[in-house]
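The following exercises concern a single protein chain. Each task is followed by a solution that proceeds step by step.

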Amino acid sequence: MQRKILQRKPSWGLALSIITAIVASHQARASDEHIQEFIVTASPHDKSAADIAGAFNILDGAALQREASATLGETLQNQPGINSSSFGPGVGAPVIRGLGGKRVEILQNGTAVVDASDTSPDHAVSVEPLLADRIEILRGPATLRYGPGAIGGVVNIIDNTIHTQQLSGISGAAEARYNTNNYERAVVGRLDGGNGPANFHLSGVFRQGNDVKIPGWAVRHRDERADSTRGRIANSDTEVDSWAFGSAWTTDKLVVGASITRTNNDYGIPPGGHDHSSHDHDHDHDHDHDHGHGSGHDDHHQHDEHHHDHEVLTRIEMKQTVHQGKLLLRDLDGFIERVSVDLNHTEYEHREIEEEDGERLPGTYFDITSTELRTELTHTPLSDWRGEHWTGTFGLQHNRRNFRAEGLEAFVEPSDTVTTGIYLIEETAIGAGTLELGLRHDRQTIETRHRRDIDHNSFNASASLLYPVGDSQRLGLTLSRSERAPVAEELLSEGEHIATRSYEVGDIRLDTESAWNIEATWSYQGEIEATISVFHRHFQDFIYSLDTGTHFSHQLAHEGFSGLAACSADLTNFGGEADEFDGSSPCYLHTQENARFTGIESEITLPLTDSQSLRLWGDMVRARLTRGEDVPRIPPARLGIHWDLNHGPWSARLSATYALDQEHAGANQDSTDGYTRLDAYLSYSRDNWSLFLRGQNLTDQEIRQATSFLRDLAPEPGRSFILGARYQF
């Protein structure tokens, strides 16, 4: 592949009081024309937005078109309570209320997305936001339906590859985008059609971009810039193509369908993201690895004048194929009124390629195969002793995941993980309110080649009460106890993890982590709309990576020591050289400790005129371990404001996001500076087509996200403008 490189703190109590006062001062009336949204991730009972007790977000239609970006994390980062954990521009995973990775379940059409993004932060989430019809985000404990992996929240990407409603005729859309920052070109197309019960879907996207421009140096610390670039992030170009085809036979009572989705993603890791300095390579580091070419981009050559020659760069070539099947029987006669069966078989692989002096050398190879089967039975309403009716769903979920890794970064031994869960969700009316109860039990078995099978059981229970107050307000209260079994990476890791520049050691003795969760949500809907959520989560045996204060010693490793025994803080194990100690990988141990997460999210939309509105939002989460230290990589508090204008075919939005300093960075972690980010959006729509212009980081701020492993090596993109056109029929 030929690569082308072109060129101080607000009071939350005061804010909450102001929002409450604004709402109380309006004698608003509920809108009879409000369109009910359905949240499939919240409940199997087709609940509308007004029937959800916890906090949630929906992105679809014009809002999704406005926010859709190259990664899932970037697409969702302007939603309250959601941040992006970036590892350079090609990688961005969502962080919900300070939790990410294995504690956030990423779904595609209701079944789990299978990739290596939860194995290492340098691996991208293998879904394409530009192909989504709708994205639903459910925060908090009301995620029992999707198992222990959803302890932090659920993100469900819906692309309608299998239609559950009949279509008549042909419809479609095409969109093209261009980003001035990294010269990214994206083309998206889709086609849907049907004639009676037969329906089909076809969609695809192609996206290619060059190195991302930034306002200053890529490396944060001045004394570490010898190998850095200025004005751009080296090796940050990407190339993605994805396509999907699905067909379904749909009647009033039956849906039978299947789909296939294929994704190829080739992206680079910023220099330093994979640090090979501690490994015994035979590479010569004296060649100028310059990718710039073409006139008009000499500034990149100037910016790279301090960049060391002959650098080894790492790229990831990812391939994923997803087969999905669906069987839905609905409106049945008898005790069971609905049967839903979803099947997902995923084949995922990626290779890490080291580029040096024009050569492409094979690195680590990851191979994951997963099969998931979910069956749900919904029964007709049953009466209890009070005469109240209960509606419920019984579910069975089975998943088998085969994981293999070979090469330098294969710090986790091969394993097969089998998980089986059963759950029951029941709901009934209590006065004017709704009570929902849920129970779930999961058993996880990890099979390895060299150890005995590792078994864990987890139990989850939740209760939520939604109570309306008048016609325009509702109160929601959710209480739950969640458990999550440790995964193979936490149990079996042992080796240098180049992505995070660390030596990771797992602990086979880790127990399940559990959490008591409580959340209260108040919402108001009338002439103005407002939502406030307050949550607290108390973890017992919270699993995290502890910086032991020691570094990996090759000398000890050559002497036969492994695990923590190969780690030391004694300079005699590093040849007596302090530089050798500082340049080696710090040792991290997967361990457990109690922790507390507390936070608040608020959002209010104020109509200014018939064509203008103002949206204010904010979020904050505080996370501490019981021994007093801060949990690392927690996002800072944020405040945001959006001004929206709609006039005839024109619509516009001006946005500002203010993030505070993150001074609670965690042990041995650097704090991050706050920032003010200014964005804008303008679109013109007429008949079946529209033009749009999106400006991001208009003031060209240097932004380093506290949630990012690469915050000291790769900031967020600088000023960019995205020009696009869309046609639909």
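**Exercise 1.** Determine the handedness of the disulfide between C567 and C587 in this predicted model.

*Solution.* Step 1: identify the bond. The sulfur atoms of C567 and C587 lie 2.0 Å apart, and the cut-off for a disulfide is 2.5 Å, so the pair qualifies. By this rule the count comes to one disulfide.

Step 2: read the torsion. About the S-S bond of C567 and C587 it is about -95 degrees, and the disulfide is therefore left-handed.

Step 3: place the two cysteines in the chain. C567 belongs to strand β27 (residues 567–568) and C587 to strand β28 (residues 586–607), so the disulfide ties together parts that are 20 residues apart in sequence.

Step 4: consider accessibility. C567 and C587 are both buried.

**Exercise 2.** Describe how strand β26 pairs with β25, β27 and β28.

*Solution.* Step 1: begin with β25. Strand β25 (residues 513–525) and strand β26 (residues 529–552) run antiparallel and are joined by twelve bridges. Y524 stands opposite A530 of β26, and a hairpin of three residues connects β25 to β26.

Step 2: turn to β28. The pairing of β26 with β28 is antiparallel and extends over 18 bridges; here I543 faces Q592 in β28.

Step 3: finish with β27. Two bridges join β26 to β27, again in the antiparallel sense. F552 has C567 of β27 as its bridge partner, and C567 is also one of the cysteines in the disulfide.

**Exercise 3.** Establish which strands stand at the edges of the open sheet that contains β4.

*Solution.* Step 1: write down the order. Five strands form this open sheet, arranged β1-β6-β7-β4-β5, with mixed pairing.

Step 2: find the ends. β1 (56–60) and β5 (111–112) each have a single partner strand, so one side of each is left without a neighbour in the sheet.

Step 3: examine the pairing at β5. Strand β4 (residues 104–108) runs antiparallel to β5 and is joined to β5 by two bridges. Within this pairing, Q108 stands opposite T111.

**Exercise 4.** Is E372 buried or exposed, and which residues does E372 touch?

*Solution.* Step 1: locate the residue. E372 lies in strand β17 (residues 359–383).

Step 2: apply the cut-off. The relative accessible area of E372 is 2%, and buried means under 20%; E372 is therefore buried.

Step 3: list its contacts. Residues touched by E372 include T111, A112, D342 and H398. The side chain of E372 also makes a polar contact with that of Q397, at 3.2 Å.

Note on methods: Residues are numbered from 1 along each chain as its sequence is written. This is a predicted model: local features need pLDDT of at least 70, side-chain atom pairs count only at pLDDT 80 or more; totals for chains, interfaces and linings use all residues. Side-chain values use heavy atoms; hydrogens and water are left out. Two strands pair if DSSP finds at least two bridges between them. Helices (H or I, at least four residues) and strands (E, at least two) are DSSP runs, numbered from the N terminus. Buried means under 20% relative accessible area, exposed over 50%, partly exposed in between (1.4 Å probe, protein chains only). A polar contact is a pair of N or O atoms within 3.5 Å; within protein, one must be able to donate a hydrogen and the other to accept it, and residues adjacent in sequence count only if both atoms are side-chain atoms. Contact means heavy atoms within 4.5 Å. Lists of a residue's contacts leave out its neighbours within four places in sequence.
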